[in-house]
Amino acid sequence: MPETIYHDLNQAVSTGVLVRCHGLETRYHPHAELLCYINYFGPTGTFKDGLAEGMIRLAEEAGALLPGQPVVEIGHGSFAAALTLAGYRTGHPVTLVLPATAPEPRRKQLAALGAKLVLANSFDGRRGCEEKVTMVVKTQQAYYVNHCENDLNPEYHRRVTGPALLAACGNRLDRLVVGVGSGGTITGCGEYIKAWTNGVQVIGVEPSESRVLSGGPAMRHALEGIGLGFVPENYNPYIVDSILPVTTGDGKKFAGEALLCDGIAACPASGAVIGAALETAMDPANAGKRVIAIVGGCMKY
């Protein structure tokens, strides 16, 4: 048999797998077929491993990022970790700007991965972080990734996630349910899928406690990865047909049920997406349809 050797792990795990949720269907008896596109097989347990390296490669391809040039980003979440690893592999030192209130254990984790940390005054909020980024860009001649506003984020999903999802489902889907964080996944996938199919509805998911996309105020919630508290520049509302709010409690509940019923180890934010997809599948108006939820974050046990 011929060998199958990947260039690196990211190449092997950059696309997900499509799984029929027989367990949840047996428990809830939805009117529509319920599937999950699981895309969290990288080292951080999220799809952002592929996204971070993809954005670096696309920036290099465009000539915006030079060989060995440092990169800088705001944040200390999963994208920050993924970017740090991707930067190390591709030869781009990573500086992360984060508020001084960022948890000490998380700071140590990111530093151990190789990131240089710059702390901003917590009272200045994102504006303070942006000022620190400007300083780093100037002093290090760094490239600011800015994944909430950089079109290379949705462009990665137009090139990779959208085509992979359509290939996995044989172009057969009716409802696509996506959690909205930076806006890249729902925009890139939504634009690609609507360009190559007919009649597919794209449904965004946000926390009930912080319905910013629906015009509400930004509030605290615990669905890390979605609901950033502002409408990101990368979010294209014109390809989103509706927004479903899901509570933090329901996100945790459906993450647990997905694990027990179908062996899908989803984080609470992905649990919220699964819950929204199940709600969509339970709607009699969607009888006979195929509903696919993008599950991009893993709960590690």
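The following exchange takes up several descriptions of this predicted model and asks what each one rests on.

Reader: What makes the protein as compact as a globular protein of that length?

Author: The protein, whose secondary structure comes to 10 helices and 10 strands, has a radius of gyration of 19 Å, close to the 19 Å that the globule rule gives for 301 residues, so the description follows from setting one value against the other. Along its principal axes the C-alpha trace spans about 60 × 55 × 40 Å, and buried residues make up 53% of the 301 residues.

Reader: Why is Leu113 called partly exposed?

Author: Leu113, which is found in helix α5 (residues 104-113), has a relative accessible area of 34%. Buried means under 20% and exposed means over 50%, with partly exposed in between, so the 34% of Leu113 places this residue in the middle class.

Reader: Which residues is Leu113 in contact with, leaving aside its neighbours within four places in sequence?

Author: With those neighbours left aside, Leu113 is in contact with Ala81, Thr84 and Leu85. As for Val17, it lies 96 residues from Leu113 in sequence and 28 Å from it in space, C-alpha to C-alpha.

Reader: What makes a set of residues a nonpolar core, and which members touch the most others in the largest one?

Author: The members must be buried residues of the nonpolar kinds, joined through side-chain atoms within 4.5 Å. The largest such core has 31 residues, of which Cys36, Val177, Val205, Ile264 and Val295 touch the most other members. Elements that give two or more residues to this core are β2, β8, β9, α9, α10 and β10, and the largest share, eight residues, comes from α10. Apart from this core lies another, of 24 residues, among them Phe79, Ala80, Ala82 and Ala86.

Reader: Where in the sequence are the contacts of Cys36, beyond its neighbours within four places?

Author: Cys36 is in contact with Val17, Leu18, Val19 and Cys21, and also with Ile264, Ile274, Ala293 and Val295. In the protein as a whole, among contacts between residues at least 6 apart in sequence, 70% join residues at least 24 apart.

Reader: How many cavities of 30 Å³ or more are there, and how do you know that the second largest belongs in the count?

Author: The count comes to two cavities, and about 60 Å³ of space lies in the second largest, which is set against the cut-off of 30 Å³ and therefore passes the rule. By class, its lining has six nonpolar, four polar and one charged residues, including Val180, Glu206, Ser210 and Phe230.

Note on methods. Residues numbered from 1 in each chain as written. Predicted model: local features only at pLDDT ≥ 70, side-chain atom pairs only at ≥ 80, totals over all residues. Heavy atoms only, no water. Buried < 20%, exposed > 50% of the residue type's maximum accessible area, 1.4 Å probe, protein only. Helix = DSSP H or I, 4+ residues; strand = E, 2+ residues; numbered from the N terminus. Contact = heavy atoms within 4.5 Å. 1 Å grid on protein atoms, 1.4 Å probe; cavity = no way out; pocket = protein on both sides within 12 Å on 5 of 7 lines; lining within 4 Å. Points joined across faces, edges and corners; volume = space filled by probe spheres on them. Nonpolar A, V, L, I, M, F, W, Y, C, P; charged D, E, K, R; others polar. Rg over C-alpha atoms; globule rule 2.2 N^0.38 Å.
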